[in-house]
Amino acid sequence: MKSASPAFRLAERGVNFEVSMWAIFKGRGGAFVASGCVLLAAGGFVAYGLGLLAGPDRHMTRYHAVFSSTNGLDDGADVDLGGVTVGRVRSITLNPETAVVDVLFAVQDDLKLPVDTAVAIAAPTIGGDNALQILPGKSTKTLTAGATILDARPLLSLEQQISNYIFGAGKL
């Protein structure tokens, strides 16, 4: 005859196997609390990761600008309006078919750009990096997200700026 399992043998002797949850928790309370903290931390990381999936542009509107030259402008450059940084340049790509440069940039969602807006590459300070300057128009109609701004002015060299000042009656 096969020998009975230890649990069966103990039940034959009148030992009660019913254990309350409180008895289990009482001996391992710290482990349950630590496990709960780990689960909360993991949930926090999941929420943070889902926020990152939306990307840094989740509260930004993207636009394109078409330039003949983006000399001096880099990915990640500031987008300024009236001396205030309102966005970032996301990418600069050359269209090989048309030989023009497409600049993708993002600005804050609450900033509504008129349809006659222009953009220019300029240095906000003498020693600073170049930035994409927004020159808002006067139209009451606004650009839709993803629209392309065709009035894009490339960076003028120092020589060109001096020439414009001398021969353009002081207008830079």
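**Salt bridges, sheet and surface in a predicted model**

Let me begin with the charged pairs: the count comes to two salt bridges, taking a side-chain nitrogen of Lys or Arg within 4 Å of a carboxyl oxygen of Asp or Glu as the criterion, and please keep in mind throughout that this is a predicted model.

One of them joins the side chains of Asp 78 and Arg 88, with a distance of 1.8 Å from N to O. Asp 78 belongs to strand E2, residues 78-81, while Arg 88 belongs to strand E3, residues 84-95, so this salt bridge ties together parts that lie 10 residues apart in sequence. As for their surroundings, Asp 78 is partly exposed at 28% relative accessibility, and Arg 88 is likewise classed as partly exposed, at 33%.

There is also a salt bridge between Asp 151 and Arg 153, where the closest N and O atoms are 3.2 Å apart. Here Asp 151 has a relative accessibility of 35% and counts as partly exposed, and Arg 153, with a relative accessible area of 40%, is partly exposed as well.

Let me turn now to the sheet, which is open, has eight strands with mixed pairing, and follows the order E7-E1-E4-E3-E2-E6-E5-E8. Strand E7, at 148-149, and strand E8, at 152-153, stand at the edges with a single partner strand each, and so one side of each has no neighbour in the sheet. For E8, the pairing with strand E5, residues 118-122, is parallel and consists of two bridges, and within it Val 119 has Ala 152 of E8 as its bridge partner.

Which residues does Leu 135 touch, if those up to four places away in sequence are not counted? Leu 135, which sits in strand E6, residues 131-135, is in contact with Thr 117, Ala 118, Ala 120 and Arg 153, and that last residue is the Arg of the salt bridge with Asp 151. The C-alpha atom of Leu 135 is also separated by 9.1 Å from that of Asp 80, although their positions lie 55 residues apart along the chain in the sense of sequence separation. With 33% relative accessibility, Leu 135 counts as partly exposed.

Finally, the surface: Ile 162, Tyr 165, Ile 166 and Phe 167 form a nonpolar patch there, with about 500 Å² of accessible area together. Of these, Phe 167 is found in helix H4, residues 158-167, and is exposed, its relative accessible area being 72%.

Note on methods
Residues numbered from 1 in each chain as written. Predicted model: local features only at pLDDT ≥ 70, side-chain atom pairs only at ≥ 80, totals over all residues. Heavy atoms only, no water. Helix = DSSP H or I, 4+ residues; strand = E, 2+ residues; numbered from the N terminus. Buried < 20%, exposed > 50% of the residue type's maximum accessible area, 1.4 Å probe, protein only. Patch = residues over 30% accessible without salt bridge, like charges linked within 9 Å, V, L, I, M, F, W, Y side chains within 5 Å. Areas by Shrake-Rupley, 256 points an atom, 1.4 Å probe, with all protein chains shown as cover. Pairing = 2+ DSSP bridges. Contact = heavy atoms within 4.5 Å.
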